[in-house]
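Me: Please take a close look at one part of this structure. I would like to know what it packs against, at which angles, and through which residues. Keep it brisk, and walk me through it step by step.

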Amino acid sequence: MKETCRSAAEKISSYVHVFHSANDVIEMSYRKLLYNDLVYPHQTYCYTVWSVVTILNLEPIHKMQKTFARIIAGERPLENSAPVFRSSNMLNILTLINIS
């Protein structure tokens, strides 16, 4: 499971540059659509199985998700991510797993 989480985090991280480049050109609503099309499926494709994985193994995915949430909202890299998730109406991966 640890390798699966790491692999998913690597796939997700490959889109960071795309989002940074598009941040000044594309509106927030379109950045969120891009996120939902390109990144979110990698985070959730196996979340029912991830519910038995330790939080430590999910941390790389969670960190990448926080990075994307900040980019989408146009926030600074060290900004607290909780308000960003709320304002963007996004569920973080840990919350999603607890719901399922």
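Reply:

**Helix 6 and its partners**

This is a predicted model. Start with helix 1 (residues 2–13) and helix 6 (residues 55–73): their axes come within 7 Å. The two axes cross at roughly 15 degrees. Angles under 35 degrees count as roughly parallel, and therefore helix 1 is roughly parallel to helix 6. The crossing of these two helices is left-handed.

Which residues make this contact? Helix 1 brings Lys2, Cys5, Ala8, Ala9, Ile12 and Ser13. Helix 6 answers with Asn57, Leu58, Pro60, Ile61, Met64 and Phe68. Sort these residues by character, and you get nine nonpolar, two polar and one charged.

Why give both an angle and a distance? Two packed helices are described by the angle between their axes and by the distance between those axes. Keep both in mind for the next pair.

Now turn to helix 3 (28–38). The axes of helix 3 and helix 6 come within 8 Å. They cross at roughly 155 degrees. Angles over 145 degrees count as roughly antiparallel, and therefore helix 3 is roughly antiparallel to helix 6.

On the helix 3 side, the contact is made by Met28, Arg31, Lys32 and Tyr35. On the helix 6 side, the residues are Gln65, Phe68, Ile71, Ile72 and Ala73. The residues of this contact divide into six nonpolar, one polar and two charged. Look back at Phe68 of helix 6: it is listed in the contact with helix 1, and it is listed in the contact with helix 3.

The third partner is helix 7 (residues 81–88). The axes of helix 6 and helix 7 come within 9 Å and cross at roughly 60 degrees. That value makes helix 6 oblique to helix 7. Helix 6 passes helix 7 in a left-handed crossing.

Here helix 6 uses Gln65, Lys66, Ala69, Arg70 and Ala73. Helix 7 uses Ser81, Val84, Phe85 and Ser88. The contact divides into four nonpolar, three polar and two charged residues. Gln65 and Ala73 of helix 6 take part in the contact with helix 3, and they also take part in the contact with helix 7.

Stay with helix 7 for a moment. Which of its residues are buried? They are Ser81, Val84, Phe85 and Ser88. Why do they sit on the same side of helix 7? They cover an arc of only 100 degrees around the axis, which puts them there together. These buried residues pack against helix 3 and helix 6. On the other side of helix 7, Arg86 and Ser87 are exposed.

Zoom in on Ser88. Ser88 is found in helix 7. Its relative accessibility is 2%. Buried means under 20% relative accessible area, and therefore Ser88 counts as buried. What does Ser88 touch? Leave aside its neighbours within four places in sequence, and Ser88 is in contact with Met28, Lys32 and Ala73. Met28 and Lys32 belong to the helix 3 side of its contact with helix 6, while Ala73 is in helix 6.

Ser29 gives a useful comparison. Ser29 is in helix 3. With a relative accessible area of 43%, Ser29 is partly exposed. Along the chain, Ser29 and Ser88 are 59 residues apart. In space, their C-alpha atoms are separated by 9.2 Å.

Set Thr54 and Val25 beside that pair. They are 29 residues apart in sequence and 38 Å apart in space, C-alpha to C-alpha. Thr54 is found in the loop between helix 5 (47–50) and helix 6. At 45% relative accessibility, Thr54 counts as partly exposed.

Step past the end of helix 7, to Asn89. Asn89 lies in the loop between helix 7 and helix 8 (93–99). Its phi is near 55 degrees, a positive value in a residue other than glycine. Is Asn89 buried or exposed? Asn89 is exposed, with a relative accessible area of 69%.

Finish back on helix 6, with His62. His62 has a relative accessible area of 10% and is buried. Neighbours within four places in sequence aside, His62 is in contact with Asn92, Ile93 and Leu94.

Technical notes. Residues numbered from 1 in each chain as written. Predicted model: local features only at pLDDT ≥ 70, side-chain atom pairs only at ≥ 80, totals over all residues. Heavy atoms only, no water. Axes fitted to C-alpha atoms, helices over the stretch in contact; angles between N-to-C directions. Helix = DSSP H or I, 4+ residues; strand = E, 2+ residues; numbered from the N terminus. Parallel < 35°, antiparallel > 145°, perpendicular 65-115°, else oblique. Left-handed = near helix turned anticlockwise from the far one by under 90°. Contact = heavy atoms within 4.5 Å. Nonpolar A, V, L, I, M, F, W, Y, C, P; charged D, E, K, R; others polar. Buried < 20%, exposed > 50% of the residue type's maximum accessible area, 1.4 Å probe, protein only. Arc of directions from axis to C-beta.
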